[in-house]
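Work through the following exercises with the sequence and the structure at hand, and try each task before reading its solution.

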Amino acid sequence: MYAQMVKTEADRPRTLEEMDPQERAFQERIDAGIKIEPKDWMPEGYRKTLIRQISQHAHSEIVGQLPEGNWITRAPTLERKAILLAKVQDEAGHGLYLYCAAETLGVSRDQLTEQLLSGKAKYSSIFNYPTLTWADIGAIGWLVDGAAIMNQVPLQRCSFGPYSRAMIRVCKEESFHQRQGYDIMMKLCQGTPEQKAMAQDALNRWWWPSLMMFGPSDAESVHSAQSMAWKIKLNSNDELRQKFVDQTVPQAEYLGLTVPDPDLKWNEDKGGYDYGEIDWAEFFEVIKGNGPCNRERMAARVKAHEDGAWFREGLMAHAEKQAERRRNAAA
Ligand code: BYC
């Protein structure tokens with residue numbers, strides 16, 4: 001039995017009648033579309049949920065640099081290398097905006113980093129899969145950034161001001177990332193039969209993990225109902241997954257590639273595609289730490305942090321010297 005998520009009564013959002021006056025006033029502001037800013041009163045659960053989601057998102061951006069970084073030295077042309085380098089640097093930037101947004105909620109960057117490195121905090125399941133060929137870089141841009149955009153465009157309208165504003169720039173950059181991935185896929189699909197086969201193989205390996213990025217099904221998503229009531233999430237996991245499938249299948253057809261799902265079928269009545277059963281056992285194994293690359297990813301992040309210790313110490317020593325100079329000047 002794979003099910004890890006058991007929804008309980010505690011996961012149900014409270015009705016306005018069940019709330020105390022302060023909480024009700026807060027909920028009414030959210031319902032009226034008013035943004036919540038860091039110094040405003042907020043329920044502890046709202047703060048905690050935001051810290052969890054924003055920091056998991058930030059960690060995903062940082063860990064997400066690893067699978068693509070793996071190909072920077074092996075990009076097929078100078079131009080492709082420059083584009084990939086810029087993309088990977090953008091992911092670092094996204095991590096920074098998001099850590100800053102989380103810090104406005106009263107948690108430090110050091111605490112968040114500690115949670116990632118100790119394995120306490122999650123990051124997106126997708127980054128625990130290996131990048132075996134150059135076509136994987138195309139598939140990541142097309143599918144992974146495509147899924148990320150589908151999830152993040154609505155977050156530009158989420159209720160927490162700093163998160164919603166960070167998302168605006170992130171989304172602009174993600175759409176460039178998606179275009180560059182699709183462009184790699186187009187080149188491969190218009191190339192030799194071997195290149196096209198490489199593109200098909202990448203689609204075969206990345207399709208299902210990309211669908212898993214949207215999280216467990218609505219029936220199993222423990223946080224969705226409350227997060228949607230607070231407008232921390234604007235759509236459910238299944239809604240966004242469906243939109244992603246509907247958008248991506250015609251793109252695969254344009255490339256002349258086959259989506260690796262024998263059950264994929266246009267459903268006229270619902271105006272969208274029906275798709276096959278996701279392997280949720282695999283998803284839960286990956287988020288428990290047992291995916292193909294979880295250990296490698298964490299080891300790389302821990303090493304990067306340890307290798308940067310001398311630099312952080314240098315910065316601190318410099319900051320302390322500056323503070324001492326200011327104190328002396330003021331005395
Ligand atoms: N991977 O109740 P649920 C990117 C966890 S894109 C790992 O539905 P929620 C990038 C979930 O955390 C990727 N864990 O939760 C793209 C929860 O566990 P905890 C990042 C997952 O939060 C390209 C449990 O399962 N994007 O960065 O309502 C290049 C129950 O799930 C996953 C974001 O983070 C998963 N796929 O919904 C570079 C976007 N799915 O915390 C970088 C913002 C679920 O209780 N985040 N879990 O232990 C979200 O929109 C939501 O957090 C999710 C999950 C839709 C991901």
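**Exercise 1.** In this predicted model, find how far a polar side-chain atom of Lys 122 lies from an oxygen atom of the ligand.

*Solution.* Begin at Lys 122, where a polar side-chain atom lies 2.5 Å from a ligand oxygen atom. Then turn to Asn 151, which places a polar side-chain atom 2.9 Å from an oxygen atom of the ligand. Finally, look at Met 212, where the polar partner belongs to the backbone and is 3.5 Å from a nitrogen atom of the ligand. On its own the ligand has 1,000 Å² of accessible area, and the protein covers 92% of this.

**Exercise 2.** Describe the surroundings of the ligand: which residues come nearest, and which elements give two or more residues to the shell?

*Solution.* The space that the ligand takes is the largest pocket. Helix 2 (44-63), helix 6 (134-155) and helix 11 (280-290) are the elements that each give two or more residues to the shell around the ligand. Of the 32 residues around the ligand, those that come nearest are Gln 56, Lys 122, Ser 221, His 223 and Lys 233. Sorted by class, the shell holds 14 nonpolar, twelve polar and six charged residues.

**Exercise 3.** Decide what radius of gyration a compact globule with 331 residues would have, and compare the protein chain with it.

*Solution.* A compact globule with 331 residues would have a radius of gyration near 20 Å, and the 22 Å of the protein chain therefore agrees with that expectation. Along its principal axes, the C-alpha trace spans about 75 × 55 × 35 Å. The chain contains 13 helices and two strands.

Methods. Residues numbered from 1 in each chain as written. Predicted model: local features only at pLDDT ≥ 70, side-chain atom pairs only at ≥ 80, totals over all residues. Heavy atoms only, no water. Near = heavy atom within 4 Å. Polar contact = N/O pair within 3.5 Å; in protein donor to acceptor, adjacent residues only side chain to side chain. Areas by Shrake-Rupley, 256 points an atom, 1.4 Å probe, with all protein chains shown as cover. 1 Å grid on protein atoms, 1.4 Å probe; cavity = no way out; pocket = protein on both sides within 12 Å on 5 of 7 lines; lining within 4 Å. Sits in = over half its atoms within 2 Å of the grid points. Helix = DSSP H or I, 4+ residues; strand = E, 2+ residues; numbered from the N terminus. Nonpolar A, V, L, I, M, F, W, Y, C, P; charged D, E, K, R; others polar. Rg over C-alpha atoms; globule rule 2.2 N^0.38 Å.
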